[in-house]
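Trainee: I am new to this structure. Please show me how to read it, feature by feature.

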Amino acid sequence: MNFTFYKYQGTGNDFVILDNRLNVFPKNDTNLIKNICDRRFGIGADGLMLLENQEGYDFKMVYYNSDGNESTMCGNGGRCLVAFANKLKIFEKDANFIAVDGPHYAKISHDNIVSLQMIDVNKIETHVDYTFLNTGSPHHIQLVKNIDQFDVKTIGAQIRYSDLYGKQGSNINFVEQVKENTFRLRTYERGVEDETLSCGTGATAAAIAMYHNKLASQKSIDLLVQGGHLRVTFDVDKGKYKNVFLIGPAQFVFSGTIEIPNK
């Protein structure tokens, strides 16, 4: 069976996307998905996404990490899927879709800047050395110095697999302030088990954590990630974060055909 795949990237966070509206992709084949995402033996990506039909919405997002397992929400993946759905002419400017963490609204500009509404954040855990919150995926936020020289993979893995987060683990984010409302961000992603060039839910979590900890003064925060520039905006009402938007580019890279064995 042949499938047309589409490769997209959002600030260097890259994804294989398949149109699965006919529901024919073998979704439970973990090894297949892992092999497709493999950068040496497959197409290569941080994750794989399926675009599917869902009554009441423009489309449904199904996301898998590069280890082949279905995962929690991916912000940059969501933005790329919005750009893909727009390419398929499923919607024109505004979209409403459903993902694992619930409904999302998004809009796309003529130059492929996608603004994706993330879930509200009602609970933030602040500790002496880190902040923890869930923005559709769990995120540990930790301030560091000299972030360019920081060993993200080694230290990120240590925290991700520590007793702090148990079997499920967490994504681990390291942040350094550049100026009042601008921060550098590097992320170790669970499921990829490595640093990625960008993490959308991580950028969202970092922005909210920095504002919550009074290190930022505005509700529009710039995140400089390894793969580019993201912006996060939000409103705050009695300590709860609403109207949270992740904003950045989503770019088509290439498409091709992959043969998937019938089972």
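Mentor: We will take a helix, a surface patch, some strands and one loop residue in turn. Keep in mind that this is a predicted model.

Trainee: Let us start with helix H3. Which of its residues are buried?

Mentor: Buried means under 20% relative accessible area. H3 spans residues 152–160, and its buried residues are Val152, Gly156, Ala157, Ile159 and Arg160. They cover an arc of only 165 degrees around the axis, so they sit on the same side of H3.

Trainee: What do the buried residues of H3 pack against?

Mentor: Four strands. They are S10 (138–143), S11 (171–179), S12 (182–189) and S13 (194–196).

Trainee: Now the surface. Which residues form a nonpolar patch there?

Mentor: Met1, Leu22 and Val24 form it. Together they have about 310 Å² of accessible area.

Trainee: Take leucine 22. Where is its place, and does it count as buried or exposed?

Mentor: Look in the loop between strand S2 (13–19) and helix H1 (30–37). The cut-off for exposed is over 50%. Leucine 22 has 74% relative accessibility, so it counts as exposed.

Trainee: On to the strands. How many bridges join S8 to S9?

Mentor: Three, and the two strands run antiparallel. S8 covers residues 124–126, and S9 covers residues 131–134. For one facing pair, find threonine 126, which stands opposite threonine 131 in S9. A hairpin of four residues links S8 to S9.

Trainee: How many bridges join S9 to S10?

Mentor: Four bridges, and this pair also runs antiparallel. Asparagine 134 has proline 138 in S10 as its bridge partner. S9 and S10 form a hairpin too, with three residues between them. In that turn, check the backbone of glycine 136: its phi is positive, about 105 degrees.

Trainee: Serine 137 lies in the loop between S9 and S10. Is serine 137 buried or exposed?

Mentor: Use the same cut-off for buried, under 20%. Serine 137 has a relative accessible area of 3%, so it is buried.

Trainee: Which residues does serine 137 touch, not counting those up to four places away in sequence?

Mentor: Thr72, Met73, Asn171 and Thr201. Sequence distance and spatial distance are separate readings here. Serine 137 and methionine 73 are 64 residues apart in sequence, yet 5.6 Å apart in space, C-alpha to C-alpha.

Trainee: Let me recap. The buried residues of H3 share one side, Leu22 belongs to a nonpolar surface patch, and serine 137 is a buried loop residue.

Mentor: Good. Now find each of them in the view.

Definitions and conventions. Residues are numbered from 1 along each chain as its sequence is written. This is a predicted model: local features need pLDDT of at least 70, side-chain atom pairs count only at pLDDT 80 or more; totals for chains, interfaces and linings use all residues. Side-chain values use heavy atoms; hydrogens and water are left out. Buried means under 20% relative accessible area, exposed over 50%, partly exposed in between (1.4 Å probe, protein chains only). The arc is that of the directions from the helix axis to the C-beta atoms. Contact means heavy atoms within 4.5 Å. Patches are made of residues with over 30% relative accessible area and no salt bridge: like charges are joined within 9 Å, nonpolar side chains (Val, Leu, Ile, Met, Phe, Trp, Tyr) within 5 Å. Accessible areas come from the Shrake-Rupley method with a 1.4 Å probe; for residues, only the protein chains shown count as cover. A salt bridge is a side-chain nitrogen of Lys or Arg within 4 Å of a carboxyl oxygen of Asp or Glu. Two strands pair if DSSP finds at least two bridges between them.
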